Amino acid sequence: MMSKLLLLCFLFFLSCSHLLLSSSFSFSNSTKICPHGQALALLQFKQSFSIDNSSSSEYDEYGGTTSYPKTEYWKEGSDCCSWDGVSCDLVTGHVIELDLSCSWLSGTIHSNSTLFHFPHLQRLNLAFNNFSGSSISARFEFAPHGFDSLVQNLTKLQKLHLEDLCGCGLHGRFPENDIHLSKLELLDLWGNSNLSGNFPRFSENNSLIELYLSFTNFSGELPASIGNLKSLQTLYLFDCQFLGSIPASLENLTQITSLSLHGNHFSGKIPNVFYNLRNLISLYLPRNNFNGQIPPSIGNLTNLLVLDFSDNQLEGAIPTPLNSIVSFSVSHNKLSGEISPLICKPSSMGFLDLSHNNFGGMLPHCLGNFSKDLSVLNLQRNQFHGIIPQTFLKGNSIRTLDFNGNQLEGLVPRSLIICRELVVLDLGNNKINDTFPHWLGALPKLQVLVLRSNHFHGHIGFSKIKSPFMSLRIIDLAHNDFEGDLPKMYLRSLKAIMNINEGNMTREYMGYNNYKDSITVTIKGLEIEFVKILNTFTTIDFSSNKFQGVIPECIGNLNSLRGLNLSHNYLTGHIPLSFKNLKMLESLDLSSNKLSGRIPQELTSLTFLEVLKLSQNHLTGFIPQGNQFRTFENDSYYGNPGLCGFPLLKRCTTDEVLQPSQEIEAGFESGFDWKITLIGYGCGLVSGFSLGCLIFLSGKPEWLVWIIDKNIHKMIVRNKMSTHRRGTRRS
């Protein structure tokens, strides 16, 4: 009985399914969802553009995906709701969304375009196309009547994307009149650098949630009416031309989560308007002219993850970062006072930058171990004193530690050995008194080590590590008290400066997310701050120490080195011939040492060499000529009395002009060698005396006279030819 019942249910299910499938198939084939008028308008819009694959090339680079011509697949007679980039209402069939971003469109949009014939359109995305390729009009002009057409006809528009990253989109001036698109939730004009205007005016009856004006030429002050945007969650205005103060009506934006005003000309004090903005997650105000103190209402932002007030004129103390904070940057201001241990409260802090301020006092001991997520700790250019925090968490994420330009003393913390992710360690310009931290050679990712201008001392010595500092490519030990020989073992293991194939590398700047590492080095004779470090940059600076002995030949293996400074030491011996292998070298400073011998002619093959400093040594002989050596002036060589030739006024004698290889050749030609000559004199004296006795006793043999006459004739001829050659050289 049960089996019969199950069979009947199964047959009933099959019959119902067949009816449903049949009716569905019949409906889909007998009904055109897209209205004919809207399909025709889309085809006319398509025909007003040409297809050019370079129009969206910037998106391919920036967005990381492949663009393609969406409109090419729009065919007359087919359902436009199935066309790529078109979405329709499932009930009415009206076109409600057009996403033609990254579609290779090139041409001009006019105010009478059929684009405005879709009254039910809710979303419009024309980003990453080229509106300057048309031969009719140079650009899509955002004329007031054009925007009015959009406002009047697309009254249901919710999202409008007109962003542009290739600088070829909208231009002109944005309309000054109020925008009455009450359902508009998103307006994106990002990247239209030739589009100007004041901040858009929205009626009180608006639904705007996201507004992107970054990288445009919008200017003027923010109006008080910005407070009307009570639904606004995202406001991006960075890198525009806005100025003036921030209006107090900003406090009405109670729904806002992301606020970015950086890279403008805002001034005055940051208003104390954050009491009600409890939803704020990210707050970016850098690169403006704000002054005064950081407002205390920042402490109410309990959901804040990112705060960036860098590059302003802010003064006073910093507020204690909230527990929620992940990234905190107040660099390049005039902030002062001591740092409270409460700064270690945020247990998930990943980025802390207090650099370039006037902070003082001792560093809280907790700075090295309060967060396993901490990646960047930048405290450079302040007035901190005392010791560096000695404890770091095991398994930490630290990649950048920058304490440069303070008054820190004591030893380099041995616990740094557990910072396995460390890439940049900058302890320069402090008062650290220690020996060389050879144990840092075990850190597998360390690329930058700066110890300059401290009180490091002693021999660098050897390391028990098999291949120390294999990733190191920037090392600066200048202005310390290191002594002894240059460290051959370390120089041999700098694999990151050997055989770099830059053609296979992506040139990028070192850093973490939006943060870029910086460094101050002496290169090409100048102290230069690199606010960004290219991943191809390499340099070694051992200058102003007490190193002695000869320069190791193994430096010639560092064929990807760009800067080498060994000046102001006590180095002796010759300039190594292996330096000819440093084909990428741009700056070489060996000045103020005790080097002797000639300047190798082979150095003229270093065609990237821009700066050469060999002054204050004991070098002799002819200055090589050719390639870059023609560009060096007197100051490259002064203080070497034995040097001659251009650019010095001292002319070279014949012997000084001869290069080492020529001297060897000349020696073989003349057969002149003092040791051989003395032996020859001894042997000749005995032989001559014996031969003379023989001749005296036996008379004058004709065969001997013939041989002597012949050889005398040859010697006279050879001597005349040699005299002629020397005269030619002098002339």
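This note covers the salt bridges, the largest pocket and the largest cavity of the structure.

1. Basis. This is a predicted model, where local features need pLDDT of at least 70, side-chain atom pairs count only at pLDDT 80 or more, and totals for chains, interfaces and linings use all residues. Residues are numbered from 1 along each chain as its sequence is written, and side-chain values use heavy atoms, with hydrogens and water left out.

2. Salt bridges. The count is nine salt bridges (a side-chain nitrogen of Lys or Arg within 4 Å of a carboxyl oxygen of Asp or Glu). Arg452, Asp476, Glu527 and Asp541 are linked in a network of them. Within this network, Asp541 pairs with Arg452, the closest N and O atoms being 3.7 Å apart. Asp541 sits in strand E38 (residues 539-541) and Arg452 in the loop between E30 and strand E31 (457-459), 89 residues apart. Strands (E, at least two residues) are DSSP runs, numbered from the N terminus. Asp541 is buried at 3% relative accessible area; Arg452 is buried at 4%. Buried means under 20% relative accessible area, exposed over 50%, and partly exposed in between (1.4 Å probe, protein chains only).

3. A second pair. Arg414 forms a salt bridge with Asp434, with closest N and O atoms 2.8 Å apart. Burial is uneven here: Arg414 is partly exposed at 41% relative accessibility, whereas Asp434 is buried at 4%.

4. Largest pocket. The largest pocket holds about 1200 Å³ of space. On a 1 Å grid over the protein atoms alone, a pocket is an open set of points with protein on both sides within 12 Å along at least five of seven lines; a cavity is a set where a 1.4 Å probe fits but cannot get out; lining residues have an atom within 4 Å of a point. Grid points are joined across faces, edges and corners, and a volume is the space filled by probe spheres set on the points. The pocket has 36 lining residues, with Asp308, Phe351, Asn514, Tyr515 and Lys516 nearest its centre. E18 gives the most to this lining, three residues. By class, the lining has 13 nonpolar, 15 polar and eight charged residues (nonpolar: Ala, Val, Leu, Ile, Met, Phe, Trp, Tyr, Cys and Pro; charged: Asp, Glu, Lys and Arg; polar: the others, Gly among them).

5. Cavities. The whole structure has five cavities of 30 Å³ or more. The largest has a volume of about 80 Å³. Its lining has 12 nonpolar, no polar and no charged residues, including Phe436, Ile460 and Phe542.

Terms used. Helix = DSSP H or I, 4+ residues; strand = E, 2+ residues; numbered from the N terminus.
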